[in-house]
Amino acid sequence: MAQLAETYACVPSTERGRGILISGDPKSNSILYCNGRSVIIRYLDRPLEVQVYGEHGYPATVARFSPNGEWIASADVSGTVRIWGTRNEFVLKKEFRVLSGRIDDLQWSPDCQRIVASGEGKGTSFVRAFMWDSGTNVGEFDGHSRRVLSCAFKPTRPFRIVTCGEDFLVNFYEGPPFKFKLSHRDHSNFVNCVRFSPDGSKFITVSSDKKGILYDAKTGDIIGELSSEDGHKGSIYAISWSPDSKLVALRGMGLWEMGLMKLIGIYGHVCPLEFRNSAAVLRYLQVMEHIRKDGMVLTVSADKSAKVWEISEDNIGKVKKTLTCPGSGGVDDMLVGCLWQNDHIVTVSLGGTIFLYSAGDLDKAPLPLSGHMKNINSLAVLKNDPKVILSSSYDGLIVKWVQGIGYYGKLDRKVISQIKCLAAVEEEIVSSGFDNKVWRHSLQGDQCGDAECIDIGNQPKDLSLALLSPNIALVSVETGVVILDGSKVVSTINLGFTVTACAIAPNGTEAIVGGQDGKLNVYSITGDTLKEEAVLEKHRGAITVIRYSPDVSMFASADANREAVVWDSASREVKLKNMLYHTARINCLAWSPDSSMVATGSLDTCVIIYEVDKPASNRITIKGAHLGGVYGLAFADERNVVSSGEDACIRVWTVTPQ
């Protein structure tokens, strides 16, 4: 059997010029965000504990916890909202087609009975509010002429809904049933986000015109704004209020004082006579009064900064603290999302990096949580202790992970190019992309050192290193193979058939080349020449991957027709057959360090682990390992398998042989 040990989560999908609206659940201290068709549930105090919901048929855009924390409503680009439970394997409650286009934001009513969603639509149908269990409309939302980017539900009665969007309008609706009440056009650019304060007394909008405007939540009238002094210099994409003031006030009190608060009542401040002069009561009331007058909000902007604003009694927001996230200062450091939850201040950059600040100590350096945003196509495990995992995605990002810790940084390269194949040893990374080039980077601690580029004249299809002599590399191209020694091309050999995969023995004396015809061609390597030794025929589809076992006594191959085969290196006979348990193309395979097990990953989302000395029917299957397919596999040790896939996540599985 195989058990999930760790998950290294993907980062939120972002788009330049657009904010992302993340949300969370204060009770479980978790946040929600979307990447591709996945909705990610990530726990701020347990970074390696991640849950993924992958039942959307289209890319997901936004997700929200219900106020009671029991349900999650998530939406996608097709205009569909799915409501599912946070427990019991995410059981689906309801699914509704809400809008005709992409949904950009949705919010629950405080009684968990209604949901409002906004986004793209046809005609004037950019916003819809409906009952969560029946889908029945609970109002008409006229007044917008373009995409509605954000919506908000007033957290207290009487209920109100506010919407804002690309037509520069902020519309205010009363209900239920909800009807248009008034509209404001005080912003001069896209209005990106609107949020009510936790006590329901006011709401705020922020815009690409760099302004934030405060409104009365009951009447919709403008009552204040964020000061332009020390304000943002770029578009403001998202905003989040500080948590409920009761929690902030109680956080600084001792156990006796908190017990006393239960007696005096949280809301009414009804104080028993004997406690009327208690220092704890006076302190509580003073803090409550201060927070009521001076609520705080968090904003993020394209100017690469986040700002904490203090809202004064006259409803003017003044900057209390400017947070500048560490980074290179490039485009990827623009901040596009934020959330203030419990004692955590969360910001999200355009590059997807999540920064966690402590709300109680804003001077403390933030904790970065990052990863991949795109399909992870290659994995490599270095022989360190603890184990270091390197992963690459086709957008050119290489990320370093440490088993048991998680994210450990990105490897910066001086030249960023797309990556198709990646191979690594302790001191060097070799990669190939779509530009006819192979790159060799020295690995110096946490960073890439000097790089050497080799132009091989054709687009690389596969890459293999001779592990005992890692300066020797074999690169397959469509018409043959290229042998590299360091940064020099030793030879380019035309093999006379269409090549799809290759592998070179650890000592560099033998190579196996797979073709479109399903044949395995075994060659001996002498200097710069290849001599054909054998042609192995067993596969019925194009060869997709070939790997030698660590002890070189065997090699394994897999094809596009879902079959894998283990061969004996000496006799070149089939050692393990009938490995036909995938239902789609096999993309990757890996050997355990002791050569006792081989794992295969497929487009069918499964990982299958075979024991070489047992029949193929005695397999271990991990179903649904990665949404969209498995593209990378490696063994961290004899019992831990690392996998990656189209969902941009990495998972570590602990395998127990049957």
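Select Val552 to begin: at 32% relative accessibility, this residue counts as partly exposed, a class that lies between buried (under 20% relative accessible area) and exposed (over 50%), with a 1.4 Å probe and protein chains only. Val552 is placed in the loop between strand E45 (543-548) and strand E46 (554-559), where strands (E, at least two residues) and helices (H or I, at least four) are DSSP runs numbered from the N terminus. Its phi is near 65°, a positive value in a residue other than glycine.

The model on your screen is predicted, and local features need pLDDT of at least 70, side-chain atom pairs count only at pLDDT 80 or more, and totals for chains, interfaces and linings use all residues. Residues are numbered from 1 along each chain as its sequence is written, and side-chain values use heavy atoms, with hydrogens and water left out.

Next, select Ala648, in the loop between strand E54 (640-645) and strand E55 (650-655). Phi of Ala648 is also positive, near 65°. Is Ala648 buried or exposed? At 1% relative accessibility, Ala648 counts as buried.

Now zoom out to the whole protein, whose secondary structure comes to three helices and 55 strands. The radius of gyration, taken over C-alpha atoms, is 29 Å, close to the 26 Å that the globule rule gives for 658 residues, so the protein is as compact as a globular protein of that length; the rule itself is 2.2 Å times the number of residues to the power 0.38. Along its principal axes the C-alpha trace spans about 95 × 55 × 50 Å, and 58% of the 658 residues count as buried.

For the interior, select Val297, Leu298, Val308, Leu323 and Ile345, which have the most contacts inside the largest nonpolar core, a set of 27 residues. Such a core consists of buried Ala, Val, Leu, Ile, Met, Phe, Trp, Tyr and Cys residues joined through side-chain atoms within 4.5 Å. Among the strands that each supply at least two residues of this core are strand E22 (296-301) and strand E23 (305-311). Apart from it lies another core, of 22 residues, including Met334 and Leu369. In soluble globular proteins, nonpolar side chains tend to be buried together.

Turn then to the aromatic rings, of which the structure holds 19 pairs; rings of Phe, Tyr and Trp (its six-membered ring) pair if their centres lie within 6.5 Å, and planes under 30 degrees apart count as stacked, over 60 as edge-to-face and the rest as tilted. Select Phe196 and Phe203, whose ring centres are 5.2 Å apart with planes at 55°, so this pair is tilted. Add Tyr215, which forms a stacked pair with Phe203, at 4.6 Å centre to centre and 5° between the planes. This pair links distant parts of the chain, with Phe203 in strand E18 (residues 202-207) and Tyr215 in strand E19 (residues 212-216), twelve residues apart, and both Phe203 and Tyr215 are buried.

Two further rings have a charge over them, meaning that NZ of Lys or CZ of Arg is within 6 Å of the ring centre and within 35 degrees of the ring normal. Select Arg46, which lies over the face of Tyr43 at 4.5 Å from the ring centre, and then Arg619, whose charged end sits over the ring of Tyr581, 3.6 Å from its centre.

Finish at Pro158, in the loop between strand E13 (148-153) and strand E14 (160-165), where the peptide bond from Arg157 to Pro158 is cis, with omega near -5°.
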